[in-house]
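Subject: A structure for you to look at

Hello,

Here is the structure I promised to pass on. Please open it beside this message, and then read on for what turned up in it.

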Amino acid sequence: MAANPSTIGSGRSRAHGATGRADETHKPRWKRLYDKYGTAAGMSLAALAIVIGYAGRDSRRLFAEHGLGYALGIIGSLLILVLLLYPLRKRYRILKVLGPVKNWFRVHMMLGVVGPIAILYHSNFALGSVNSTAALLSMLLVAGSGLVGRFLYAKVHKGLYGRKTSLKELLAGVKLTTAETGGAARFVPDLLSMVAEYDRQVLKPPVGIVDSILLPMRLEFKTRAGYRSIVARVRQQLDEQAAQSPVVRQHRDRLLELACAFVREHLKRVRRVAAFAAYDRLFALWHKVHLPFFYLLIVTAIVHVIAVHLYAV
Ligand code: HEM
């Protein structure tokens, strides 16, 4: 074994590298708390409003035709109209005066939840005539689809308000060199080839929609199984090397630790790349589905408003 054990761990081991979260610490505390818990708190409040609304639907005197019930219908519709400023602001540069796109995205998602809840109260959580049922279901379809879109959006962007991630960028982060292993690869001869073989198996682009949906779940199992099998072989090779070299014997535990840290981090990154390919595909597909849902909402809402005002149905 030609390598010098004193250099173990001196390589650019990613497992112990910088986290790249420096700018996080410069944010005010309230902003960090908002970023961390804002969505969960908002979603919990929305769920509570829906549960309370649904549970009290029989005891509440709220009518869609007049009073507060009618007002909630108008408010909900207006909120849904305002949330459309996000796609408009994103698409048309002339609307730059309205401020940053990311703020409008935040407003879009907030109103996309609050507006439909106002409409649910307007309908008092009941299905009415055919036209109102169609409008209500279309709205729930669009809002539900929006929630799915939000999930996918976050998977293919740098955070919810960052720019889109690219496959090339992610692939650049999964280099396979001895330095990346903190030097462990010099004492575990097959370490890099084992990991490369795993990469080959995992980095196959998904075939079709079903494969794209199932891939993130499959990756969860593949990553665990891959890690276990590679680490078992690393242990075996290290023991073989240790039997021949007192130096390796002396540093066996440290080498195992370095190799495990490298494999864990590498597999995590490769999994992200593989999952990205699936999420990217699903997000593109989602866009194709979301827009027709939205057009359906526009048509059914217009029909609903005309029907209730002209024919009172
Ligand atoms: C009635 C409620 C909603 C309506 C009418 C609506 C409408 C729209 C429209 C028209 C687009 C643009 C689609 C395109 O450009 O292809 C869009 C995009 C989007 N919406 Fe909504 N939406 C609603 C609710 C929501 C909710 C509740 C969320 C999530 C919390 C959400 C998240 C998104 C996301 C992530 C995008 C894609 C953004 C992008 O690619 O830039 N939407 N929505």
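Let me begin with the overall build. The chain has nine helices and zero strands, so its pattern along the sequence is simply α-α-α-α-α-α-α-α-α. Please keep in mind that this is a predicted model.

Next, the outline. The radius of gyration of the chain is 27 Å, whereas a compact globule of 313 residues would have one near 20 Å. Along the principal axes, the C-alpha atoms fill a box of roughly 90 × 40 × 40 Å. Of the 313 residues, 36% are buried. The accessible surface of the chain is about 18900 Å², and carbon and sulfur atoms account for 66% of that surface.

Two further values describe the chain as a whole. If you take the contacts between residues at least 6 apart in sequence, 74% of them join residues at least 24 apart. As for charge, the chain carries 44 positive and 18 negative charges, and the mean positions of these two sets lie 7 Å apart.

Now to the inside. The largest nonpolar core has 45 residues. Which of them touch the most other members? They are Leu191, Ile230, Val234, Leu238 and Val263. At least two residues of this core come from each of α4 (101–122), α5 (130–156), α7 (191–202), α8 (208–244) and α9 (246–311). The largest share is that of α9, which supplies 19 residues. As background, nonpolar side chains tend to be buried together in soluble globular proteins.

A few single residues are worth finding on your screen.

You could start with the loop between α4 and α5, where Asn124 is placed. Phe125 lies in that loop as well. What is the sign of phi in Phe125? Phi of Phe125 is positive, at about 55 degrees, although this residue is not a glycine. Asn124 also has a positive phi, near 50 degrees, and is likewise a residue other than glycine. Are these two residues buried or exposed? Asn124 has a relative accessible area of 12%, and because the cut-off for buried is under 20%, it counts as buried. Phe125 is at 13% relative accessibility, so it counts as buried too.

From there, go to Phe63, which sits in the loop between α1 (29–55) and α2 (67–83). Its relative accessible area is 34%, so Phe63 is partly exposed: the value falls between the 20% and 50% cut-offs. Setting aside residues up to four places away in sequence, Phe63 touches Gly69 and Tyr70. Phe63 and Ser123 are 60 residues apart in sequence, and their C-alpha atoms are 7.5 Å apart in space.

The last stop is His304, in helix α9. Its relative accessibility is 18%, and His304 counts as buried because that value is under 20%. What is His304 in contact with, once neighbours within four places in sequence are left aside? The contacts are His122, Asn131, Ser132 and Ala135.

That is the tour. I hope it helps you find your way around, and do write back with any questions.

Best wishes

How values were computed
Residues numbered from 1 in each chain as written. Predicted model: local features only at pLDDT ≥ 70, side-chain atom pairs only at ≥ 80, totals over all residues. Heavy atoms only, no water. Helix = DSSP H or I, 4+ residues; strand = E, 2+ residues; numbered from the N terminus. Rg over C-alpha atoms; globule rule 2.2 N^0.38 Å. Buried < 20%, exposed > 50% of the residue type's maximum accessible area, 1.4 Å probe, protein only. Contact = heavy atoms within 4.5 Å. Areas by Shrake-Rupley, 256 points an atom, 1.4 Å probe, with all protein chains shown as cover. Lys, Arg positive; Asp, Glu negative; His and termini not counted. Charge placed at Lys NZ, Arg CZ, Asp CG, Glu CD. Core = buried A, V, L, I, M, F, W, Y, C linked by side-chain atoms within 4.5 Å.
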